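Here is a friendly round of questions for someone at the bench. Each one asks what lies behind a description.

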Amino acid sequence: MADDKIITPQKFIEELRRFQKGSVTRRHFLGVTGLGVATAVLGGAMPGLKPRKAYAALSGTVNLTTWPNYHNQENLDAFTKKTGVTINMNVFGSNEEMLAKLQAGSTGWDVFVPTNYTISTYKGLDLIEPLDLKLLPNYDVASQDQRFTSEGTIDGTVYAVPKNWGTTGFVINTKNVTQNPTSWKEFWDLTKGPLSGRVMVHDYQLTTIGNALKYFGYSFNSNDEKQLAEAEKLMLEAKPHLFAINSDYQPSMRNGDAWVSVAWTGDATQLHRDLPEIQYVLGKEGGEIWTDYFAIPKGAANKDAAYALIDWLLTPEINAKEVQAHGYPSTDARTNKLVSKEMLENPILYPAKDLLTNLEFGAAATLTNPLRAEIMARFKSA
Amino acid sequence: MSMRLYAVFIYIFLYAPIALIAFFSFNAGRYAMDWQGFSLDWYGKAFTNPIITKALVTSLIIAGCTSVIATTVGTLCALGLERMRGSLRQLFDALIYIAIMVPGVVIGISTLIAFVTVFDAVNPALEAIGMARLQMGLWTVIAAHVLFNLAVVVLIIRARLAGMDRSLVEASEDLYATPFATFRQVVLPALMPSILAGLLLSFTFSFEDFIIAFFVAGPNTTLPIYVFSSIRRGVTPEINAIGTTVLLTSLALLVLAQFLLRPSAKAR
Amino acid sequence: MPQLAPISRSKTVTALLVAPAGLFFFFLLVLPLIVVVIYSFGARADAGGYAPAFTLDNYANLPARGQAFFNTLTLAPLGTLLTALFAYPLAYFLAVKASPKSRTLLLVLVIVPFWTSQLLRYYAWIMILGSKGIPSWLAYLGISDLRIINTPWAVLIGAVYGFLPLMVLPIYVSLEKLDKRLLEASADLGANSWRSFLQVTLPLSLPGVATGSMLVFILLMGEYILPQLLGGGKVFFIGNALVDLFLQSRNWPFGAAVSTALVAIMFVTIVIYMRFVLSRGDVRRAALV
């Protein structure tokens, strides 16, 4: 195993390309890149906190565009108290939505949280600022788990720094669901059968189509027309049996309307924390592993405050409080040292190794494929 | 008797959901539908939450500007159309009905596309001469809202004009009043109830609108946009508290309006 | 209609009066709609958005949103009809049966819900129709596993709830104008109450029904929030398909084609409606005013 090797971003991309071209097997790819490792808390001395200089010079509002249930309000309040900058938080349902808003222009965002597979597209469309790491003294590349940072850097320029990583599986309410599903095959079969009217899928193409592809054992990222056609057929068969198509599944899971939903790590942590009968399952065929990044859109109005906010949230002490609240694992070894043992041993955050090996990072081509966009739209309007 | 029973049923149907919202605004628990005891905390939280208060202020500014502009422009337009005949008048009539008929979602989309197209064309030139770039903002929302409400106002004012007693105008002219004096002393007072109705309606439509603002608000968050995203995320009773407050405020305004309008009704 | 003319016949004044409105209509209605039509012949750019082209593909692709058109074109008229059916007896009660003293209060009570946030009212229905609401109460009565939320039924309930006030008011206005002596005369002539209702009241109140129906129909055709919140993203209207095309799949040209089709359908429907339903002069005038 490659547990002790640290793979460079360049090497990671090379391996990814080779893997995508099919010249290496998935097993080789995962082994080399270290993706097979479960917890992988990297070592390294804990450097002292780097003080920021001019918090006093900041003012105004910083527009933070992020995902639901993804921050610790105490941290945000503390930032406002310290800097006098008000945080205006917007939440989105999908990367497609974020991209659409940015493409339409004049969003007014200062900081946003894109997922790994979107960054090269943003760079290509010139929608994203290169980051000046000098302004992020509390970000330490050395303490980052490299396999989660590579896609933030394009041609040697850093455009985004990692926030959290996680997986996309599904939550089940074991009070009502007794079948104990462990795979995407069972997920879709139960949807069409005994759990009709109780299952939710996400309202965006990447995971919904990706997990339908997994039913047949295809790649989560497949752009093959025939495979996509099979996935669409499955989705259309399942549609009448779904409870809803909605990426905001917490309310419906909490009040018992939905019993199963496609879910991300942190939502699963939060649901399980409040309702222990809700469990998280990673389909054994695989599915998605991802990293979310902090980035600054082109033309952000309050760049100073944007850097300050990112730096604040990446400060290990603060970041650890974020993790405790939202339940998404951090990519930063310094942060992980400060997170409770309970969290570090939680299988929702750190699934078993054999489940992780099958997961794939979403690819840029998956995001921008017009056929996948249209299949999702047809599925929703069917 | 059965009619009365039916009416009672409808009023329950109308008010049960509102009562439910108000009831859960006093919930001590974190989740709206999960009663954990009585508390006023969410009112305190809602009105100290800077995002909510800012969204409220944003919505009030947009609705305030929209209603004043739409009512002014609409009233002028109705008065002008009254003096017009022929194909130009027909064109305006058609535009008014099209503005009302085109769904909000299409207005949102089409104005978004148009704004983006114009901005893309104009911004490089503006930047070259050192001026600020054009951006989506409150003004784009107000502009799109005025368009829709303007048409409504024209219809309201026109209905009033059609029912107006012309003899007063004629009498005023017989007494050699200047046209402007006739307008100010005869026409305007007679139109006042409709102008107020136009203000009130356009304020409400603008304050309530989600879909148009969703497309053209740029970085701004209006209250409906905030409420919509909160509902999707799972609402804390904070939202119930705001809803209840807005309802009580508008009720108070309605009662106040009723009270204020009464003397003028007598005067008529 | 007599003219207000003698105030001033100056053409300049007239032009100045209508100019601001004309500018709004031109820059925010005519121009954007023209841009939408132009976009509808374009192509989707590689990463989404618009790329100039001239193609009819977007129109040829309209059947891919057939279900959304079907949902809208069935649920919007059905919702309008149900709203009218529920609103009529109430309007009748208010105009004919209610005591004049309580009438104003009762009328205001119909309007008040319209003043609370539409979003919040739908949210309340999510709670009521969700499994902790009505279905859980019905479970006590032995009716189990009833599911309403995220079905077309939930959307229809929401439509009736949301637009009832808009329907009650015009019907009330038309019934209120009704000369009660007509009803007395009809009764004196030996007509029973049903017959006098069918032969006297109903025909005279049709203008109000027509106005209310047109208002509700127009609003339902363009709905986005209602199907989104009470239909759970499953009961898709054209409005939802449009938001999806612009904010998810980023296919602006196709979205422009769908918009154009929606506006065209509404235009044709309303013109036909005005021709046939509103063809009687008095109905037409009452409906438009």
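Q: How do you know what part residues 24 or more positions apart play in the contacts of chain A?
A: In this predicted model, a pair is in contact if the C-beta atoms lie within 7 Å. Among the contacts in chain A with a separation of 6 or more, 79% join residues 24 or more positions apart.

Q: What makes up the secondary structure of chain A?
A: Chain A has 17 helices and 12 strands. Buried residues account for 57% of its 382 residues.

Q: Why is helix α7 of chain A called largely enclosed by the rest of the structure?
A: A residue is buried if 20 or more other C-beta atoms lie within 10 Å of its own. In α7(A), residues 205-215, 11 of the 11 residues are buried, so the helix is largely enclosed. Among them are A:Gln205, A:Asn211, A:Lys214 and A:Tyr215.

Q: What is the phi of A:Gly217, which follows α7(A)?
A: The phi of A:Gly217 is positive, near 80°.

Q: How many residues does each chain bring to the contact of chain C with chain B?
A: Chain C brings 62 residues and chain B brings 65 residues. On the side of chain C that touches chain B, the elements giving two or more residues include α3 (66-97), α9 (193-221) and α12 (252-276) of chain C. The most comes from α1(C), with 15 residues.

Q: What kinds of residues make up the side of chain C that touches chain B?
A: That side divides into 50 nonpolar, nine polar and three charged residues, with Gly counted as polar.

How values were computed
Residues are numbered from 1 along each chain as its sequence is written. Chains are lettered from A and ligands numbered from 1 in the order in which they are written. This is a predicted model: local features need pLDDT of at least 70, side-chain atom pairs count only at pLDDT 80 or more; totals for chains, interfaces and linings use all residues. Two residues are in contact if their C-beta atoms, placed from the backbone, lie within 7 Å. Helices (H or I, at least four residues) and strands (E, at least two) are DSSP runs, numbered from the N terminus. A residue is buried if 20 or more other C-beta atoms lie within 10 Å of its own, exposed if 12 or fewer, and partly exposed in between; C-beta atoms are placed from the backbone.
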